[in-house]
Amino acid sequence: MPAHLTRRGLLSAGGGLTLAALLAACGDGGSDASGGAGWTFTDDRGTKISLKARPKRVVAYVGAAAALHDFGVVDQIVGVYGPAKRKDGSRDPQVGEVDVNKVTIIGNAYGEFNIEKYAALRPELLVDHVFVQPDLFYVPAESKDKIFKLAPSAGIATGAVPLPTPIEHYAALARALGADTKSPAVTAARARFDKAVQAVRDAVRANPGVKVLAASASPDLFYASNPGKNSDLLYYKQLGVELIQPDHVGKDGYFEDLSWENADKYKADVVLLDARTQALQPKDLGSKAAWKRLPAVRAGQVVPWDAEPRFSYAGCAPLLERLATTIRNAKKVA
């Protein structure tokens, strides 16, 4: 893919153990050396990690750090990589509630991973998403061997599985790291998530037949995303949202790339447009004639899409709430 749609773009394929298998592998959150048994965890690649004690120094991809933070893993996160800070110095949404001024940023864009900074952090565990088995998202392929020698790694499958699965798996890892995933904050976030799920179902029933296209824009190409692969879209489809299925998806099955001349191939009532830093936004697309021909664009029904969700109840509840409002209020224009 081009600049923003290779491994790091519209989400790539994954797989993973069931939650039951994951929990069976790590017990009720892993074991701690204080009990004499050490610490073990089996990730979604089937990799079993065995340490003398529960990790106290965790470095994580920003999305993984954000999810763990929402489940109560805070002080253990000492470093992050991936989009953490924007050009103006503000926190990138992909890092969630992690305080970027209290952690070391060892890379702020795809391909950036400062191994010297990483080593200096004395990492005990590396955590990342897995979109394409068995690769860790944002870990540079050319330096992964050096990186993996410094600390064990845990990968959580975040593609080709419905949204609740990676959320549950990040909760299991957080438990293994000692977090209280039954805390009032997590319990409240789960209740909000469940309420938002029902709101989406209700919106679909109240306004059936709304056609939705999830997409991402780059200077050269327009990407129509496959609801059969992206974790969030897969779940939205299960909730009844009528998502457009592209005809000719790429080899990973995640999206169809369209030239801008053909960007109006799929007619939708609503466009969910990739809102990440690296993707073009509506304000950037005024010169694209096909963009302006899209019925959803003409109707003003273009909604931000977090193409890489924050895999926690706190992170995903607002996305479902926004989707419910969008479906409920959408006019059929396609």
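What follows is a chat between a trainee and a mentor about a predicted model of one protein chain.

Trainee: Before I dig in, what pLDDT does the chain average?

Mentor: The protein chain averages 90, and 89% of the residues score at least 70.

Trainee: And which stretch has a pLDDT below 50?

Mentor: That's residues 1–35. Beyond near neighbours in sequence, the stretch still has 115 contacts in the model.

Trainee: How should I treat coordinates where pLDDT is low?

Mentor: Where pLDDT is low, don't read the predicted coordinates in detail.

Trainee: Fair. On to packing: how many residues are in the largest nonpolar core?

Mentor: The largest nonpolar core has 83 residues. L68, Y81, L126, V127, Y170, F193 and V241 have the most contacts inside it. Apart from that one lies another core, of 19 residues, with A217, A263, Y266 and L294 among them.

Trainee: What is L68 in contact with, leaving aside its neighbours within four places in sequence?

Mentor: V73, I77, V127, Y170, L173, A174 and L177. L68 itself is one of the buried residues of helix 2.

Trainee: How many of the residues in helix 2 are buried?

Mentor: Nine of nine, across residues 62–70. Besides L68, the buried ones include V62, G63, H69 and D70.

Trainee: So what do the buried residues of helix 2 pack against?

Mentor: Quite a list: strand 3 (58–61), strand 4 (77–81), strand 6 (125–130), helix 5 (164–176), helix 6 (184–206) and helix 10. Just after helix 2, G72 takes a positive phi of about 105°.

Trainee: Now helix 7. Is it mostly covered or mostly open?

Mentor: Mostly covered: six of the eight residues in 231–238 are buried. Those are S231, D232, L233, L234, Y235 and Y236.

Trainee: And which residue with a positive phi follows helix 7?

Mentor: G240, with phi near 105°.

Trainee: Switching to charges. How many salt bridges does the structure hold?

Mentor: There are 13. Take K265 and D247, whose side chains meet at 3.0 Å, N to O. That pair links distant parts of the chain, 18 residues apart. K265 is in the loop between strand 11 (255–259) and strand 12 (270–274), while D247 is in the loop between strand 10 (242–243) and strand 11.

Trainee: Why do K265 and D247 count as partly exposed?

Mentor: The class runs from 20% to 50% relative accessibility. K265 is partly exposed because its value is 35%, and D247 because its value is 49%.

Trainee: What about the salt bridge between E256 and K265, what's the N to O value there?

Mentor: It's 2.8 Å. E256 counts as buried because its relative accessibility is 5%, with the cut-off for buried being under 20%.

Trainee: One more: which residue forms a salt bridge with R322?

Mentor: D306, with the closest N and O atoms 2.7 Å apart. Those two are 16 residues apart in the chain, R322 in helix 10 (residues 313–329) and D306 in the loop between strand 13 (302–305) and helix 10. R322 is partly exposed at 30% relative accessibility, and D306 is partly exposed at 28%.

Trainee: Last thing, which residues do salt bridges that share partners join into one network?

Mentor: D247, E256 and K265. K265 meets D247 in one bridge and E256 in another.

How values were computed: Residues are numbered from 1 along each chain as its sequence is written. This is a predicted model: local features need pLDDT of at least 70, side-chain atom pairs count only at pLDDT 80 or more; totals for chains, interfaces and linings use all residues. Side-chain values use heavy atoms; hydrogens and water are left out. pLDDT is the predictor's confidence in each residue, from 0 to 100. Contact means heavy atoms within 4.5 Å. A nonpolar core is a set of buried Ala, Val, Leu, Ile, Met, Phe, Trp, Tyr and Cys residues joined through side-chain atoms within 4.5 Å. Buried means under 20% relative accessible area, exposed over 50%, partly exposed in between (1.4 Å probe, protein chains only). Helices (H or I, at least four residues) and strands (E, at least two) are DSSP runs, numbered from the N terminus. A salt bridge is a side-chain nitrogen of Lys or Arg within 4 Å of a carboxyl oxygen of Asp or Glu.
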